[in-house]
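Subject: Structure for your review

Dear colleague,

Please find the structure below, together with its sequence. A description of what was found in it follows, arranged by region.

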Amino acid sequence: MPKSAKKPCTTQTSISRYFGGLSSSSRPQSGIKPNLAEHRLSRGKLKLSSGDEDGLPSKRTKLAVKDQQVEDVPCEPRPSQSVKEAKPTLSRGGGLCSSTLEKLKGFSCMADPFLRVIQDETKMDDRSGKSSNTRSSVSPSFPDSHQQISNILPGIEKERDYETQDRKEEEDPDLAATNQGFCLSKITKSGGGEGGKVAESPSDSSAPCRRSRSTYTPLEQQVLELKQQQKDVLLAVECGYKYRFFGEDAEIAAKELNITCHLDHNFMTCSIPTHRLFVHVRRLVSHGHKVGVVKQTETSALKASGTNRNALFSRQLSALYTKSTLVGEDVNPVCRVADVEEGGCADVVSDPPDSFLLCISENWDKVKKQLSVGVVAVQPSTGDVLLDCFPDGPSRSELESRILRINPVEVLVPSDLSEQTSKLLLSIANASAQTDDRVRVERRDSAEFEFTSAMNTVVKFYCHTPEKDSRSLSSVASFDSPVICCLGPLIQYLQEFNLEKVLRNESSFRHLSSESGGMKLSAATLRNLEILNNQTDGSVRGSLLWVLDHTHTPFGRRLLRKWVSQPLTEPQCIAERQDAVQEMMESDSITLNSIRSLLSHLPDLERGICSIYHGKSSTQEFFLICSSLSRLGLELQALLPAVQSQIRSSLLRSLLLDTPDLLAPAHGFLKVLNEKAAKSGNKTELFSDLSGFPMLQDRMSQIQSVLAEIQAHRKEVRLVLKAPALDYVTVSGQEFLIEVKNSLSSIVPPDWVKISSTKTVSRYHSPFLVERYKKLQQLREQLLLDCQREWTRFLDQFGEHYHTMKRAISHLATTDCLLSLAEVAKQGNYCRPKVCENNHQIMITDGRHPAIDLLMGEHSQYVPNHTALQDGGFGQHLQRPQHVHGRVDGGLRDHISSNRMLVGHPR
């Protein structure tokens, strides 16, 4: 065997052939960076020349990138290479082996599409070389050199055409920009569906050094367009039965979710199943990411009958989620609450007690020479809106106290935020020991926080108020300018999530500084007295809130936090609350026990009705919330006679007597629903009474008409097959199949379509069934779209009663908090403090620190303290203690803090 046959190609191929113009000897080994913008691919365009004995002349190849041009890179062969050694290169037999190409993939993931094309060509040439030994070796003799030259010349002419095109592209940049993606060949074809392939024409095998093109698949092009619109969002794209992440999003998602990420075509990708979307979205959001869910907007049957039947399924961004905007059926599986409580879904990230979105603006007053800070906090999941405007100093102590009271999970700030405020937010964000609990800070364009721009946004938003109880433009315009500067960017931000409706409610707005009957607690007080969190690890355990929290409902727990962070100061309000707690402690009434049992095992009704108000509720969530509200209304209605006769507290009576009437609208909405369909999420059978849905009635009648035609067609089928008892069968979701034994297949008409078969039977569709079944599928998919529209309208109708329902849930939350305080007073053997309006003194007997007393347990040696403080006159500071009894080694700090807790929160 000649040497040339054993050694197909002696040409040494360098890495520069695939990664730029430098040879392997001149490029540093550790300097290869997988950067797409800097990636250069050189391919030699070889020309037959009789006058060049040192080697073939070098050519320059150009990589045309969309919206970007990469400079030409020369590709030079070895100087010692002879013409005879270059001939095998003309037939494309040389190159790197497969194992080497696999190692090269580690240098750059972005170069993989090019390597894969070259690798496929190399493998094909290797297989061809083994069979003929003519493509990858130099033949010892040329019996027909004229025939070989005639085979090579067409390829050379084509290469000259490519050179002419390259020169035109260099002269005209716009012409080069029209080549989308990495376009290196005119013969590349994209495959159908979502997995286009790089293909070669039949003549490519005879063309020397033919350039190939690596293109984006239709799905990848669609993802690129979506990513261009949402650059700072992790996109989960619906692809059949799973959601996929692409590119950098896939690498981030794989790291956070601990799943596999791999290269597919031009991008790294990873996927999650559709039924686990809510779990993974919550986990990504808890790590501070903004996640977008992209869903298919077309259905298969309707698309097949349209003009774009061969195009890719259209997809649109359906929802965005962050820490404060977790509202929607994708992330709120309320039907799975019982599973979470039982530990069945341990990997589900639960909602925090409060999920406020806080917006901060700063305005320096040159005349007064002071800084004015405006804050607006909104909780989209509950509809609460807090606002305030106040002067602050360099330490930002006032801002810190409000942030600690609001406890936001996400903060919006301008890009030019002051250094002092930035340091404060950084310290608060890093205060938590766990990453999931850290505050997410997003910087927005500072132009949005300017008064003129913010005012224009506010005017456009509040210029029309079609809803009942909506806030008017005149009332909003009366806000301070720093508040307006916060409200404008907040409206724009919530509009991205379709959650801006909560800012229209008149009853939701509350001023932090001017709330009647509340005490302002500074940040130092909240922190040093451990009112809301302990100072050890920042958790709730060991704080005053932990001691007092014996609530049964999530909405009651949120209200209790507000009570603890803002104690009452009005004597009348304090006395009403004490009367209610005392009656709950001393009364053995069955009515109060029944009310306590009613509040147990309730879902989060406050967040549920707010999700319905936003139009983002699922059928399971709606049925659970509506059925709970209806049940509460009916059972409280039955307790009204006992409440009127047994309850003495005016506060309790008003709460329990008003709630049943406020919950009355829930009964009518519940009667319309089909319980089985609602729990399963079947919207086509959701409404048991279609009298109020004429569109659905018409669509259902059309479907029934087609079904009747299909059933009537059985008579004809039975006559043809001579089978009087024949009936349709359904296999693997395929309906109306005509099943025929294989032994009787000869009587089957030739125009029938075989759908499936086994060893014994075959299943067919007649031409009539093919046409009618296609029509039936189209009507069913159209019915789904109609049901979705009617479902949205149904949610809007329920949303009209949102304010009424919210008031009823507020009554239930107040009752739950009163029951919690009564439980604490009974367990700790606390007495009712006496409030004297005119006598300014504090007398504490056997005072105990509530948190330390509970942490030390029953068998502790904690010695209670006595305190007697008097005041000389109204408005003056308390004088020094007259009598303080108790042990000294208990700690002065614990003694003082216990006194402050007892005075600030009388039970």
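**Strand 13 and its partners**

In strand 16, R510 is the residue that stands opposite L386. Please keep in mind throughout that this is a predicted model. Strand 13 and strand 16 (residues 509-511) run parallel and are joined by three bridges. Strand 13 also pairs with strand 12 (residues 370-379); here the two strands run antiparallel, and nine bridges join them. Within that pairing, P391 of strand 13 has S372 opposite. Strand 12 and strand 13 form a hairpin with four residues between the strands, and G383 in this hairpin takes a positive phi near 90°.

Is strand 13 enclosed or open to its surroundings? Strand 13 covers residues 384-392, and seven of its nine residues are buried, so the rest of the structure largely encloses it.

**Helix 12 and R402**

Helix 12 (residues 397-406) is likewise largely enclosed by the rest of the structure, because seven of its 10 residues are buried. The buried residues are L399, E400, S401, R402, I403, R405 and I406. After the helix comes N407, with a positive phi near 55°.

R402 deserves a separate look. This residue lies in helix 12, and its relative accessibility is 4%; since buried means under 20%, R402 counts as buried. Which residues does R402 contact, once its neighbours within four places in sequence are left aside? They are D388, F390, L512, S513 and K520. With F390 the arrangement is specific: the charged end of R402 sits over the ring of F390, at 3.9 Å from the ring centre. A second case of this kind involves R577, whose charged end sits over the ring of W563, 3.7 Å from its centre.

**Aromatic rings**

The structure holds 16 aromatic pairs. One of them is formed by W791 and F794: their ring centres are 5.9 Å apart and their planes meet at 25°, so the pair is stacked. As background, two values describe a pair of aromatic rings, namely the distance of the centres and the angle of the planes.

Where do W791 and F794 lie? Both are in helix 29 (residues 767-799), three residues apart, which is about one turn of the helix. Both residues are buried. They also belong to a cluster linked by ring pairs, which includes F622, F669, F687, F693 and F798 as well.

**The nonpolar core**

The largest nonpolar core contains 128 residues, and the members that touch the most others are Y462, L487, L503, F622, L629, I738 and F798. Helix 30 (residues 802-828) supplies the largest share of this core, with 13 residues. F622 and F798 thus appear both in this list and in the aromatic cluster.

L487 may serve as an example of how such a member is surrounded. Apart from its neighbours within four places in sequence, L487 is in contact with V376, V458, Y462, V476, F479 and L503.

**A hairpin and a loop further along the chain**

Strand 19 (residues 753-757) and strand 20 (residues 761-765) run antiparallel and are joined by four bridges. Three residues connect the two strands in a hairpin. S757 has S762 in strand 20 as its bridge partner.

T684 is found in the loop between helix 27 (675-680) and helix 28 (694-721). Its relative accessible area is 24%, so T684 is partly exposed. How far apart are the C-alpha atoms of T684 and E781? They are separated by 9.9 Å, although the two residues are 97 residues apart along the chain. Beyond its neighbours within four places in sequence, T684 is in contact with L783, L784 and C787.

**Confidence of the prediction**

The protein chain has a mean pLDDT of 75, and 67% of its residues reach 70 or more. Over residues 173-213 the pLDDT is below 50, and the model gives this stretch 103 contacts beyond near neighbours in sequence. Residues 873-890 also stay under 50 in pLDDT, and for them the model has 27 contacts beyond four places in sequence.

Yours sincerely,

A colleague

Notes: Residues numbered from 1 in each chain as written. Predicted model: local features only at pLDDT ≥ 70, side-chain atom pairs only at ≥ 80, totals over all residues. Heavy atoms only, no water. Buried < 20%, exposed > 50% of the residue type's maximum accessible area, 1.4 Å probe, protein only. Phe/Tyr/Trp six-rings, centres within 6.5 Å; stacked < 30°, edge-to-face > 60°. Lys NZ or Arg CZ within 6 Å of the ring centre and 35° of its normal. Core = buried A, V, L, I, M, F, W, Y, C linked by side-chain atoms within 4.5 Å. Contact = heavy atoms within 4.5 Å. pLDDT = per-residue confidence, 0-100. Pairing = 2+ DSSP bridges.
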